[in-house]
Number of protein chains: 2
Amino acid sequence: MSASPDHATVLSKATAILDAFTVDDRTVPLAELVRRTGLHKATVHRLANELVGLRLLDREPDGYRLGGGLFELGMRASAERGLLELAMPFLQDLYERTHEIVHLGVREGTDVVYVAKIGGHRQARTPSRVGGRMPMHCTGIGKVLLAHAGDDLRREVLSGPLVRRTPHTVVAPGALRRQLDAALETGVAFEYEESTVGLVCVAAPVLGPGGEPVAAISVAGPSPRFRPDTHVAALRAAATALGGVLARRDARS
Amino acid sequence: MSASPDHATVLSKATAILDAFTVDDRTVPLAELVRRTGLHKATVHRLANELVGLRLLDREPDGYRLGGGLFELGMRASAERGLLELAMPFLQDLYERTHEIVHLGVREGTDVVYVAKIGGHRQARTPSRVGGRMPMHCTGIGKVLLAHAGDDLRREVLSGPLVRRTPHTVVAPGALRRQLDAALETGVAFEYEESTVGLVCVAAPVLGPGGEPVAAISVAGPSPRFRPDTHVAALRAAATALGGVLARRDARS
DNA sequence: CACCTCGTCTCGCTGAGCGATACGCTGGAC
DNA sequence: GTCCAGCGTATCGCTCAGCGAGACGAGGTG
């Protein structure tokens with residue numbers, strides 16, 4: 001029962017197939033799925049067809065696609081968590097006040113998963129996508145989450161390899177640690193083109209009742225024009241307000 | 001291989017377990033899952049534990065919960081579809097202009113599935129939830145989608161049972177057909193407390209290149225105050241603009 | 001105490017799932 | 001045109017993953 005990376009059970013094979021889809025590909029042919037999963041062709045064929053019947057996959061003329069049932073399940077998963085629904089109004093307010101790109105992200109392992117993204121029509125150069133991932137050390141949200149996290153997680157990330165994503169990515173553990181300390185002090189973290197060239201952002205944590213970070217909000221914009229510090233106040237207000245609502249929700253048993 | 005309604009395969013059992021979760025329950029104990037699925041206790045126990053390992057379920061002290069992996073998959077499913085990402089900016093614009101509740105919905109069978117919902121802090125009495133469903137005949141989005149749909153679908157819904165959800169729900173096929181004809185004519189559908197008492201809305205279709213409806217947008221508000229006709233222009237503009245963007249996207253092979 | 005319900009675990013039986021193999025189709029190379 | 005590669009699909013015995021009756025301990029209730 002150990003967490004074996006091999007595909008022993010039917011379910012693990014099925015999820016391997018589902019996980020083989022990335023955010024970018026619209027439709028994936030059978031052969032490609034075989035390649036990505038390493039499963040036998042007949043197996044993929046059989047399971048994929050069954051998944052189509054269960055609405056977890058869609059059959060398209062030129063391949064498969066993640067299905068509508070998955071979307072429903074995913075939204076139900078997020079609804080049960082409640083975070084997204086409660087957060088949206090605050091994110092909208094923040095967007096309306098700043099008219100810059102607003103992100104909501106949570107931690108998942110040592111990555112950040114984006115839960116919501118609000119931006120106008122001009123959000124050309126942001127690689128982030130809702131449901132997508134980013135390493136913690138190179139994003140504002142990741143850094144502020146890490147700063148408020150426990151020592152073990154901080155140590156794990158700092159000791160792990162800090163991938164360089166742009167020339168500005170902070171890959172020196174010492175420098176990163178200093179930034180984290182500063183973020184813990186001030187309650188906000190900045191990012192200057194560390195995940196994407198041309199993109200700057202500020203992030204603030206949404207803290208739970210015990211002071212543990214449950215999510216983080218960020219405001220981002222293009223580097224020449226965007227002044228992150230001008231949005232700190234509005235950002236902090238939104239984050240703490242959301243934290244308050246979450247705490248109140250959890251208080252009702 | 002006949003479409004047996006019973007749970008023959010492992011996968012169908014696993015999805016039965018996942019589907020046993022509703023939007024409202026935060027956590028479900030094992031015994032309750034056994035009851036809802038009708039599966040053997042040992043089976044649910046085994047599968048649920050495996051699903052936890054695959055991050056499709058989360059283990060909580062007092063039961064199971066839909067897991068974070070499902071959310072990621074769901075968002076990827078929606079990203080591949082592309083609709084949500086392209087639509088969001090238009091929905092935000094619409095919200096900013098009206099400051100009323102904005103919905104984006106698509107058809108799924110004879111139901112409407114809500115893909116996005118934007119509303120401020122005061123959205124108390126809307127039962128709709130992102131990822132949730134509603135019958136077509138009693139919602140603005142549903143009616144406008146049905147009006148622009150093919151004859152077979154229209155016939156199916158009109159001949160099927162029209163569930164009465166409120167005293168104002170249109171349950172007479174003839175009356176509904178007239179409303180659909182009007183909606184097809186004018187390009188918008190109205191709903192007056194037909195799904196929820198106290199809720200009024202207007203909806204407009206997002207049409208694909210071939211004139212087929214791919215989604216619909218609605219603006220909703222509380223019945224005493226909300227004047228649906230004042231938002232028709234902005235709504236129509238948003239819907240057609242979104243349709244144009246979608247068409248342009250699909251044009252690029 | 002007896003009597004629930006709930007979660008967990010064991011253990012043989014068996015059929016669901018496996019993958020080697022094969023077939024028909026399409027499209028590009030030549 | 002022929003050849004071939006890669007695709008999706010279908011077949012069919014073998015076997016082990018998955019099944020479910022049942023047992024067990026923990027909590028809760030009368």
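**Entry 1, the A–B interface.** I began with the contact between the two protein chains of this predicted model, and I found 43 residues of chain B in contact with 43 residues of chain A. I then looked up which elements of chain B build its side of that interface, and noted that α1 (10-19), α3 (41-53), β2 (63-66), α4 (68-81), α5 (83-98) and β4 (111-118) each supply at least two residues. The largest share comes from α4(B), which gives 12 residues to the side of chain B that touches chain A. Sorting that side by class, I recorded 22 nonpolar, 12 polar and nine charged residues.

**Entry 2, DNA strand C.** I next looked up what surrounds DNA strand C and listed 18 residues, the closest being Ala42(A), Thr9(B), Pro29(B), Leu30(B) and Ala31(B). Two or more residues each are given to this surface by α1 (10-19) and α3 (41-53) of chain A, and likewise by α1, α2 (30-37) and α3 of chain B. The largest share, four residues, comes from α3(A). By class I noted 10 nonpolar, five polar and three charged residues on the surface near DNA strand C.

**Entry 3, chain A as a whole.** For chain A I counted nine helices and eight strands. Its radius of gyration is 20 Å, close to the 18 Å that the globule rule gives for 253 residues, so I wrote chain A down as being as compact as a globular protein of that length. I also took the extent of its C-alpha trace along the principal axes, which is about 55 × 40 × 40 Å. Of the 253 residues of chain A, 44% count as buried, and among its contacts between residues at least 6 apart in sequence, 57% join residues at least 24 apart.

**Entry 4, the nonpolar core.** Which residues have the most contacts inside the largest nonpolar core? In this core of 147 residues, I found them to be Leu91(B) and Ile217(B). I followed Ile217(B) further and, leaving out residues up to four places away in sequence, I noted that it touches Leu91(B), Val102(B), His103(B), Leu104(B), Ala203(B), Ala204(B), Val206(B), Leu235(B), Ala238(B) and Ala239(B).

**Entry 5, helix α6 of chain B.** Last, I checked helix α6 (residues 140-147) of chain B, where eight of the eight residues are buried, so the helix is largely enclosed by the rest of the structure. The buried residues of α6(B) include the charged-class name Lys143(B), and beside it in my list stand Gly140(B), Ile141(B), Gly142(B), Val144(B), Leu145(B), Leu146(B) and Ala147(B).

Key: Residues are numbered from 1 along each chain as its sequence is written. Chains are lettered from A and ligands numbered from 1 in the order in which they are written. This is a predicted model: local features need pLDDT of at least 70, side-chain atom pairs count only at pLDDT 80 or more; totals for chains, interfaces and linings use all residues. A nonpolar core is a set of buried Ala, Val, Leu, Ile, Met, Phe, Trp, Tyr and Cys residues joined through C-beta atoms within 7 Å. A residue is buried if 20 or more other C-beta atoms lie within 10 Å of its own, exposed if 12 or fewer, and partly exposed in between; C-beta atoms are placed from the backbone. Two residues are in contact if their C-beta atoms, placed from the backbone, lie within 7 Å. A residue is near a molecule or strand if its C-beta atom, placed from the backbone, lies within 6 Å of it. The radius of gyration is taken over C-alpha atoms; the globule rule is 2.2 Å times the number of residues to the power 0.38.
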